Amino acid sequence: MEPACDPAKPFDPPVLVAGVNSNANDWAARLAGDGLTLFVSSERDTPGVAQGCFSSTRTNLASTFAEPVILANVNLPGAGAGIQSEFPTVTADGKTMFLASNDGHSAHTDILSARRDSPITDFMTPFGVANINSPVQNDEAPFILPDGNTLYFGSDRSGDFEIYKASLNGTSFSPPDLVIELGTSAFESYPVTNSNHLRMFFASTRADGGARGSFDIWTATRESTTEQFSAPSNVSELNSVEVDLPTWLSEDGCTLLLSSSRVGGLGGLDIYQATRPL
């Protein structure tokens with residue numbers, strides 16, 4: 001089979017994903033296993049939801065996504081009072097979702113999980129993920145691998161935001177480990193990889209002395225999952241002078257979804273797609 005892209009070549013310029021962006025913030029887009037369902041976070045005008053999780057579908061891989069619709073049960077009651085539900089990420093079978101949310105009153109974010117019986121039914125009410133969340137710190141931006149056995153996320157439990165990894169051990173996750181080689185004294189979060197987790201994309205403020213508004217996309221690689229990742233490099237062709245965050249990577253590593261507030265979007269953060277050429 002011919003390769004879908006040349007992994008040594010830089011990505012082509014990111015383009016807006018048609019159909020899913022609004023005049024509000026839209027971010028954290030993640031495709032489901034068949035590529036026909038997109039899960040997103042949005043602040044679009046929806047009664048009772050200040051910031052929530054939505055889904056959008058398309059009929060085939062060449063068609064445009066439909067207008068996103070709010071996910072039933074996933075956005076906890078009282079969202080208008082300050083609840084934030086975001087970063088929905090789903091296993092390949094479509095039955096288990098992870099997301100980040102607060103309760104509208106606490107000062108920190110936890111990682112929750114929601115389940116359903118089949119990909120065509122609604123998710124049930126989310127619940128906290130055992131062993132993952134810290135007592136009073138923020139745990140955010142979960143990214144579940146397709147098989148559901150590995151969860152990456154960002155947390156400030158060490159004092160600043162870093163990337164953590166947890167592995168499924170039977171029916172529950174083991175306590176998370178810090179991915180130490182990706183960290184600095186700046187902000188690191190929003191990890192994205194694919195099923196072999198040999199290439200990691202993430203967001204960091206390290207290029208600008210840790211300034212919170214200066215998120216760039218960075219990447220690191222490794223030869224096997226028993227090794228540490230290489231020293232991260234800036235994915236300069238994807239970054240702008242605004243906020244840029246990776247959100248999903250295709251299995252072949254040729255397509256990356258990202259959120260960006262760059263000039264030319266529709267409003268605040270928008271959802272873009274970048275692909276590598278042959």
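## A walk from strand to cavity

Start by selecting S113 and F127: S113 stands opposite F127 in strand 9. Strands here are DSSP E runs of at least two residues, and helices are H or I runs of at least four, numbered from the N terminus. Before moving on, note that the model is predicted, with local features needing pLDDT of at least 70 and side-chain atom pairs counting only at pLDDT 80 or more, while totals for chains, interfaces and linings use all residues. Numbering runs from 1 along each chain as its sequence is written, and side-chain values use heavy atoms, with hydrogens and water left out.

**Stop 1: the strands.** Widen the selection to strand 9 (residues 127-128), which runs antiparallel to strand 8 and is joined to it by two bridges. Two strands pair if DSSP finds at least two bridges between them. Now add strand 7 (residues 96-101): it pairs with strand 8 (residues 110-115) in the antiparallel sense over six bridges. To see one such position, pick T96, which stands opposite R115 in strand 8.

**Stop 2: E86.** Next, select E86 in strand 6 (residues 85-90). Is E86 buried or exposed? E86 counts as buried because its relative accessibility is 11%; buried means under 20% relative accessible area, exposed over 50%, and partly exposed in between (1.4 Å probe, protein chains only). Show the side chains of W27 and Q51 too: the side chain of E86 makes polar contacts with W27 at 3.2 Å and with Q51 at 3.3 Å. A polar contact is a pair of N or O atoms within 3.5 Å; within protein, one must be able to donate a hydrogen and the other to accept it, and residues adjacent in sequence count only if both atoms are side-chain atoms.

**Stop 3: R44.** Move to the loop between strand 3 (37-42) and strand 4 (52-57), where you will find R44. With 7% relative accessibility, R44 is buried as well. A polar atom of its side chain lies 2.5 Å from the backbone oxygen of V20, and the R44 side chain also has a polar contact of 2.8 Å with the side chain of S42.

**Stop 4: the cavity.** Finish by selecting V17, L31, L38, R58, F65, L257 and Q273, the lining of the largest cavity. On a 1 Å grid over the protein atoms alone, a cavity is a set of points where a 1.4 Å probe fits but cannot get out; lining residues have an atom within 4 Å of a point. The largest cavity has a volume of about 40 Å³, volume being the space filled by probe spheres set on the points, which are joined across faces, edges and corners.

Notes: 1 Å grid on protein atoms, 1.4 Å probe; cavity = no way out; pocket = protein on both sides within 12 Å on 5 of 7 lines; lining within 4 Å.
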